Amino acid sequence: MKKFVLASLLASVAIASALLSASASAQQPVNLGAPAAPCALPDAEYTAYTNAMGQADAKAKAAAIEAYLTAFPQSACPTSRPDTLVTLMGAYSTFDPVKTVDAADRVLQLNPTEMHALILEVYFRKQNADALTDPAAKQAGLDAAAGFAQRGLVAPKPAAMADADFKTLQSTGFPVFYSTIGEDALNKKDTATAIDTYKKELAYVPLAQTQTPGPVLQDTFELAFAYYQSTPPDLLDCAFYASRVVTYAPDALKSQYAPTATYCYKTFHGDTTGYDTFSAAAAANLNPPDGLFASVKPKPTPADIINGVFATTPDLAVLAPDDREFILQNGTPDQAAKAWDSVKGKSAQFPDVLVIASTPTQIQVAISGGAVQSKTADFTFNLAPPEDTKTAAQAAAAKKKADAIAAAVAVGNKITISGTYDSFTPNPIMITMSDGEVILPEAPKPVHKPVAHKKAQ
């Protein structure tokens with residue numbers, strides 16, 4: 001199925017800002033020169049370090065930190081190095097995704113559970129995978145991003161970090177983690193994992209985020225799509241979450257999501273009766289409320305429909321072509337035989353039918369509503385052979401009639417035709433008629449005007 005895209009409000013600058021903010025409270029910077037510092041730096045390293053950390057411009061800061069790390073690969077204070085790399089990673093995240101990931105890799109080499117690095121690994125690897133067009137490369141990229149996301153969900157709180165700060169950091173990262181794992185699973189048709197993960201995302205974020213255009217609302221639609229792709233499709237859950245997206249999506253995008261919502265509902269229910277009430281419940285509830293799905297009755301099965309036709313139609317010969325074809329295609333062998341035997345050998349005339357193909361001896365037409373809509377033949381008329389002609393006048397009349405029929409049965413024209421029910425095949429449906437005859441419209445009769453008589457003088 002073609003993927004639907006909602007404008008993401010999670011720009012890289014925004015996430016970098018959040019990470020840098022969290023990093024400021026989480027890091028335990030080296031207190032250079034202070035009596036309580038865990039270690040002291042020589043003057044040369046101290047100067048390079050403070051110069052790098054004091055840069056206000058992100059690009060200048062990243063360049064200065066790289067120069068510092070190159071100049072002092074073995075710091076006199078090793079405990080400062082992870083924090084320095086986190087700062088480098090945050091600086092890169094504002095302007096260079098590739099170098100951000102490289103810096104994050106270096107952070108994780110020193111601390112495999114560093115949350116800032118895991119968030120940026122996931123965010124930028126997913127962003128890169130989404131831009132790929134090769135399916136295999138895309139899946140490999142999503143797999144890698146999802147792997148980091150799984151690590152992020154179980155990353156422990158650093159001992160030196162306050163509980164509140166860690167929760168703030170998780171609130172930044174967890175939605176990104178859940179979103180990435182869900183997309184990775186859905187791309188592999190692992191709908192069970194996708195559904196589980198997207199629902200965890202909805203439960204985790206504040207309710208307002210599920211009602212605002214952005215990544216969470218987009219993932220709500222992905223959840224609906226995962227339900228649709230399940231085996232068998234879960235049509236009501238699909239309709240529920242897609243309807244919720246339609247409610248909260250920007251007006252310009254509602255038309256992109258509405259067809260999925262109504263399609264899933266109509267496919268389950270048979271029509272859109274009650275959909276407005278169903279959609280209102282989706283708007284008011286994050287998840288389906290108790291009793292909602294029970295209130296939506298499934299559409300009749302083919303067996304239900306056919307049994308109803310038999311119960312209400314004593315004479316099957318009067319069935320409309322659509323109903324007869326439905327029974328021939330979907331009924332039991334006994335039901336199909338009864339429907340066919342009611343017309344076999346009988347003649348019928350069909351007005352205003354669409355010509356699909358024609359030859360001098362055979363005409364294929366569309367008669368039922370579905371056949372006409374799809375421009376697919378559902379009846380074949382084998383034409384009766386022309387009558388023998390004995391005189392030149394008869395031959396001329398026969399040729400004139402044949403020419404008129406040939407013109408009338410051009411593909412795309414509508415004609416009146418008659419024939420006798422002869423045989424059928426159920427799938428695809430094709431009813432064959434013998435003794436076919438095209439009924440030409442009667443020529444208009446000349447109008448005779450009364451002769452005007454002059455009055456006597």
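**Close-up 1. F379 sits buried, with just 1% relative accessible area.** This view, like the others here, comes from a predicted model. Its partner F381 is buried too, at 0% relative accessibility. The ring centres of F379 and F381 are 6.1 Å apart with the planes at 20°, so this counts as a stacked pair. A search through the whole structure turns up 25 aromatic pairs.

**Close-up 2. F174 and Y204 make a tilted aromatic pair.** Here the ring centres are 5.3 Å apart and the planes meet at 35°. The two residues come from distant parts of the chain, 30 residues apart: F174 belongs to helix 8 (residues 163-187) and Y204 to helix 9 (residues 191-204). F174 is buried, at 9% relative accessible area, while Y204 is partly exposed at 32%.

**Close-up 3. Ring pairs tie a set of aromatic residues into a cluster.** To find your way around, look for Y227, F240, Y241, Y265, Y275, F278 and F293.

**Close-up 4. Helix 15 (residues 321-330) and its buried residues.** The ones to look for are R324, E325, I327 and L328. They span an arc of only 160° around the axis, which puts them on the same side of helix 15. Among the elements covering these buried residues are helix 14 (302-312) and helix 16 (333-341), along with strand 3 (379-383), strand 4 (414-425) and strand 5 (430-439).

**Close-up 5. K188 has salt bridges to D143 and to D184.** In the D143 bridge, N and O are 3.4 Å apart. That bridge joins distant parts of the chain: D143 is in helix 7 (residues 135-153), K188 is in the loop between helix 8 and helix 9, and 45 residues separate them. For the D184 bridge, the closest N and O atoms are also 3.4 Å apart. K188 is partly exposed, at 44% relative accessible area, and D143 is partly exposed as well, at 33%. D184, on the other hand, is buried at 7%.

**Close-up 6. D403 and K399 form a salt bridge within helix 18 (residues 392-408).** N to O, the distance is 2.9 Å. The two residues are 4 apart in the helix, so about one helical turn separates them. D403 is partly exposed at 41% relative accessibility, whereas K399 is exposed, with a relative accessible area of 54%.

**Close-up 7. A salt-bridge network links E66, D102 and R106.** Side chains of opposite charge can pair when their charged atoms come close. The salt-bridge count for the model is 12.

How values were computed:
Residues numbered from 1 in each chain as written. Predicted model: local features only at pLDDT ≥ 70, side-chain atom pairs only at ≥ 80, totals over all residues. Heavy atoms only, no water. Buried < 20%, exposed > 50% of the residue type's maximum accessible area, 1.4 Å probe, protein only. Arc of directions from axis to C-beta. Contact = heavy atoms within 4.5 Å. Phe/Tyr/Trp six-rings, centres within 6.5 Å; stacked < 30°, edge-to-face > 60°. Salt bridge = Lys/Arg side-chain N within 4 Å of Asp/Glu carboxyl O.
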